[in-house]
Amino acid sequence: MALHEIEEPTFPPQKPSWEIFTAAPHRMMFFSGAVQLVLPILFWVIELIGRYTSLWSPFELFAPTTWAHGFIMLYGVFIFFIFGFLMTVYPRWMNGEIIPKDRYVSAWLWLSLGMALFEIGLFVNPSLAIIGLAIFLFGWAYGQWVLFKVYQTAPALNKRYETILNIALSLGWLGAFCFLLWLVTDHWQFVNLSLRAGLWLFLLPVLITVTHRMLPFFSSNVIPNYKVVQPRWSLPLMGLGCAGHMLLETNQMFQWLFITDIPLAFLGIYHSILWNLRGSLINRLLAVLHLAFLWFGIGMTLLSIQSLYLMFTGELIMGKGPMHAINIGFISAMLIAMASRVTMGHSGRMLVLDSISWMLFLGLQFSAVLRILSDLNATQSLAGLSLNVIASVVWLSCIAIWFKRYAPMYLYARVDGREG
């Protein structure tokens with residue numbers, strides 16, 4: 001049997017325990033992130049079916065469900081994966097000291113407790129949601145302090161990637177804090193700022209920076225005669241582009257978004273070519289990273305087209321489709337691709353993407369296409385069912401199967417017998 005056809009992960013006889021679960025920061029953080037990834041999508045699928053069919057009524061929350069869904073997906077899911085990854089690689093990237101267990105365990109506890117209380121509070125009590133979000137923000141601040149201690153004391157001279165990531169994490173915390181301010185004051189401007197900042201000042205800068213740092217490195221281990229190229233000028237430009245997009249969007253200047261989106265689209269596609277997307281197709285585990293990043297360039301191209309069309313006609317032709325090219329095609333797919341790689345590597349398994357995982361990744365791409373089509377007037381439904389609902393069900397199915405395959409790896413000891 002070929003290596004890529006290995007379907008079922010195997011687990012050692014040692015049973016899950018607290019010591020195994022807390023043996024490395026990525027175990028705890030990735031597990032909570034995986035749970036947070038499945039539950040909000042399940043919630044959203046149930047909500048959409050309630051909206052578009054007569055099977056049941058949509059949820060009744062004290063906060064608009066679209067805002068709650070947006071906040072959890074932007075802040076409540078990805079921060080666990082981000083902290084789990086950065087608490088693992090910061091010491092390696094900068095030759096710093098390994099993060100003590102009590103610190104990353106404490107950060108995980110505060111984040112998990114806070115998000116759980118916040119989500120329960122959305123259904124039962126606004127005060128509980130506020131308390132939960134405050135605890136979550138404390139956990140975020142503490143986790144960032146843990147990372148900063150490594151950054152501050154590490155002997156490495158070049159810390160440009162880590163500097164950008166520290167700034168993006170700080171801006172993300174401020175964005176989440178704006179959501180808390182909205183809960184307390186009921187001023188809609190805060191939630192508007194929070195949701196926009198979560199994408200353009202936090203999540204996209206973090207993922208673009210990590211991709212810029214890691215994708216050429218991963219490619220060099222697979223593609224023959226590969227030349228690692230990481231342009232120093234491109235990260236600041238993409239950061240400025242994201243900030244500029246948010247500024248224009250916040251001021252309702254949608255017809256002018258092409259000013260920032262065309263350069264971002266060019267930079268995204270340029271880097272896909274520069275990093276040899278075509279060459280990556282020889283290896284599934286590498287290809288999923290390249291294909292996920294390609295969606296950033298595609299999404300920004302669609303946003304540019306929509307902005308220009310709005311400028312000349314006054315009409316939106318794709319609705320939220322371009323944003324879902326970025327949110328599902330790039331962000332969600334890159335998360336799954338990167339988390340799968342880290343999970344296999346740090347559980348002692350071979351870095352080989354099996355056929356099921358490959359199909360799950362392609363399923364995410366399909367759900368992105370369906371979601372884009374659902375906002376076009378000519379393709380909003382299939383057999384009388386909203387494409388939005390179909391896309392969400394496909395998305396949920398892929399994530400649920402991924403969870404079943406990968407989440408147990410955080411609970412069991414490494415298969416190679418090593419610690420961590």
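This predicted model folds into 14 helices and 2 strands. Its radius of gyration is 21 Å, close to the 22 Å that the globule rule gives for 420 residues, so the protein is as compact as a globular protein of that length. Put a box along the principal axes and the C-alpha atoms fill roughly 60 × 55 × 45 Å.

How much of the chain is tucked away? Of the 420 residues, 55% count as buried. The contacts tell you about the fold too: taking those with a separation of 6 or more, 77% come from residues 24 or more positions apart. On the outside, the protein exposes about 18,100 Å², and carbon and sulfur atoms supply 67% of that area. As for charge, there are 23 positive and 18 negative ones, and their mean positions sit 9 Å apart.

**Aromatic rings**

Rings are worth a look here, as the structure holds 33 aromatic pairs. One of them joins Phe21 and Trp108, with ring centres 5.5 Å apart and planes at 80 degrees; the angle is over 60 degrees, so this pair is edge-to-face. Phe21 belongs to helix H1 (residues 18-21) and Trp108 to helix H4, so the pair ties together parts that are 87 residues apart in sequence.

Another pair is Tyr75 with Trp140: the centres are 6.1 Å apart and the planes are at 50 degrees, so this one is tilted. Here Tyr75 comes from helix H3 and Trp140 from helix H5 (residues 126-153), so parts 65 residues apart in sequence are tied together.

Here is how the four residues fare for burial, as relative accessible area:

| Residue | Relative accessible area | Class |
|---|---|---|
| Phe21 | 9% | buried |
| Trp108 | 12% | buried |
| Tyr75 | 0% | buried |
| Trp140 | 0% | buried |

Tyr75 and Trp140 also belong to a cluster linked by ring pairs, along with Trp67, Phe71, Phe118, Phe136, Phe179, Trp182 and Phe202.

**Two loop residues with positive phi**

Now for the backbone. Asn95 has phi near 55 degrees, a positive value in a residue other than glycine. You'll find Asn95 in the loop between helix H3 (65-93) and helix H4 (101-124). Is Asn95 buried or exposed? With a relative accessible area of 58%, Asn95 is exposed, because that value is over the 50% cut-off.

Gln252 is a similar story, with phi near 60 degrees, again positive in a residue other than glycine. Gln252 sits in the loop between helix H8 (234-250) and helix H9 (258-274). At 43% relative accessible area, Gln252 counts as partly exposed.

Terms used. Residues numbered from 1 in each chain as written. Predicted model: local features only at pLDDT ≥ 70, side-chain atom pairs only at ≥ 80, totals over all residues. Heavy atoms only, no water. Helix = DSSP H or I, 4+ residues; strand = E, 2+ residues; numbered from the N terminus. Rg over C-alpha atoms; globule rule 2.2 N^0.38 Å. Buried < 20%, exposed > 50% of the residue type's maximum accessible area, 1.4 Å probe, protein only. Contact = heavy atoms within 4.5 Å. Areas by Shrake-Rupley, 256 points an atom, 1.4 Å probe, with all protein chains shown as cover. Lys, Arg positive; Asp, Glu negative; His and termini not counted. Charge placed at Lys NZ, Arg CZ, Asp CG, Glu CD. Phe/Tyr/Trp six-rings, centres within 6.5 Å; stacked < 30°, edge-to-face > 60°.
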